[in-house]
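Thanks for making time for this one. I would like to walk through the model slowly, beginning with a single contact and working outwards from there.

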Amino acid sequence: MQFGRYFEEFEVGDVYKHWPGKTVTEYDDHLFCLLTMNHHPLHMDAHYAGETTDFGKNVVVGNYIYSLLLGMSVPDVSGKAIANLEVSSLKHVKPTFHGDTIYGETEVLEKTPSKSKDDRGVVHVETRGYKQDGTIVCTFRRKVMVPKRSYGESRGGEQPGRPVPHE
């Protein structure tokens with residue numbers, strides 16, 4: 001199974017559909033809020049959300065959805081990355097609620113060989129996250145420095161650092 005891609009494998013216009021999706025639970029949302037110290041009652045207090053917001057229920061914290069989509073994209077996009085260089089935009093388009101299932105896909109927007117080192121390049125991608133009904137909930141663009149095949153081969157091939165089992 002491939003994990004990530006070399007620079008040569010990215011083609012502008014390609015779309016990678018990440019699999020599987022993830023159903024967001026109340027536990028996921030609350031744990032992420034607690035870990036990141038985001039205790040806003042919109043996310044943590046069902047009574048508050050039900051009585052005082054337009055949604056009438058808790059909204060999943062947007063940065064969890066972003067993090068989930070970023071993680072979903074790793075096997076297809078950045079699994080071989082040398083560095084994540086930037087996130088140039090992040091848009092929370094629609095709310096996500098407990099019980100929604102999130103799916104993601106990433107489109108290759110641009111690829112640029114490195115000017116300073118011939119064994120790598122920069123790939124510019126856009127990731128889109130959507131719910132079970134197809135509603136887009138989150139989009140973000142980022143640039144990732146990825147190796148060329150020569151970089152990988154010089155460092156141990158497809159699974160560098162993996163030990164050989166013996167008795």
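The side chains of Thr127 and Thr106 are joined by a polar contact of 2.8 Å, and I should say at once that this, like everything that follows, is read from a predicted model. Thr127 lies in strand 4, and because its relative accessibility is 0%, Thr127 counts as buried. If we set aside residues up to four places away in sequence, Thr127 touches Leu69, Glu105, Thr106, Cys138, Thr139 and Phe140.

One of those names, Leu69, leads us to the nonpolar interior. Which residues does Leu69 contact, once its neighbours within four places in sequence are left aside? They are Ile102, Tyr103, Gly104, Thr127, Arg128, Gly129, Cys138 and Phe140. Leu69 is also among the residues that touch the most other members of the largest nonpolar core, a set of 15 residues, and it shares that position with Val24, Tyr64, Ile65, Leu68, Ile102 and Cys138. Helix 1, residues 26–35, helix 4, residues 62–73, and strand 5, residues 136–147, are the elements that give two or more residues to this core, and of the contributors helix 4 gives the most, with 6 residues. Apart from this core lies another one, of 9 residues, including Phe10, Val77, Val108 and Val146.

Let me step back to the chain as a whole. Its secondary structure comes to 5 helices and 5 strands, and read along the sequence these follow the pattern β-α-α-α-α-β-β-β-β-α. The C-alpha trace spans about 60 × 45 × 30 Å along its principal axes, and of the 167 residues 39% count as buried. Among contacts with a separation of 6 or more, 71% are between residues 24 or more positions apart.

Now the sheet. Its 5 strands form an open arrangement in the order 1-3-4-5-2, with antiparallel pairing. The edges are strand 1 and strand 2, residues 83–92, each of which pairs on one side only, and neighbouring strands are turned by 20° against each other on average, direction ignored. At one end of that order, strand 2 and strand 5 pair in the antiparallel sense over 8 bridges, and the bridge partner of Glu86 in strand 5 is Lys143.

Turning to charged side chains, the count comes to 10 salt bridges. In one of them Arg128 pairs with Glu107, the closest N and O atoms being 3.3 Å apart, and this pair links distant parts of the chain, since Arg128 is in strand 4 and Glu107 in strand 3, 21 residues apart. Arg128 is buried, with a relative accessible area of 14%, whereas Glu107, at 23%, is partly exposed. Both residues belong to a network of salt bridges that links Lys17, Glu105, Glu107, Glu126, Arg128 and Arg141.

A second pair is Asp100 with Lys131, where the closest N and O atoms are 3.4 Å apart. Why does this pair tie together separate parts of the sequence? Asp100 lies in the loop between strand 2 and strand 3, and Lys131 in the loop between strand 4 and strand 5, so the pair ties together parts that are 31 residues apart in sequence. Asp100 is buried, and so is Lys131.

The third I would show is Asp28 with Lys22, with the closest N and O atoms 2.6 Å apart. Asp28 counts as buried because its relative accessible area, 16%, is under the 20% cut-off, while Lys22, at 28% relative accessibility, is partly exposed.

I will finish with two details of the backbone that deserve a careful look. As background, most residues other than glycine have a negative phi, and most peptide bonds are trans. In this model a cis peptide bond joins Trp19 and Pro20, with omega about 0°, and Pro20 lies in strand 1, residues 15–23. The other detail is Met37, a residue other than glycine whose phi has a positive value, near 60°. Met37 lies in the loop between helix 1 and helix 2, the latter being residues 41–44. Is Met37 buried or exposed? Its relative accessibility is 66%, so Met37 counts as exposed.

Conventions. Residues are numbered from 1 along each chain as its sequence is written. This is a predicted model: local features need pLDDT of at least 70, side-chain atom pairs count only at pLDDT 80 or more; totals for chains, interfaces and linings use all residues. Side-chain values use heavy atoms; hydrogens and water are left out. A nonpolar core is a set of buried Ala, Val, Leu, Ile, Met, Phe, Trp, Tyr and Cys residues joined through side-chain atoms within 4.5 Å. Buried means under 20% relative accessible area, exposed over 50%, partly exposed in between (1.4 Å probe, protein chains only). Helices (H or I, at least four residues) and strands (E, at least two) are DSSP runs, numbered from the N terminus. Contact means heavy atoms within 4.5 Å. Two strands pair if DSSP finds at least two bridges between them. Axes are lines fitted to C-alpha atoms, for helices over the stretch in contact, and angles run from 0 to 180 degrees between N-to-C directions. A salt bridge is a side-chain nitrogen of Lys or Arg within 4 Å of a carboxyl oxygen of Asp or Glu. A polar contact is a pair of N or O atoms within 3.5 Å; within protein, one must be able to donate a hydrogen and the other to accept it, and residues adjacent in sequence count only if both atoms are side-chain atoms.
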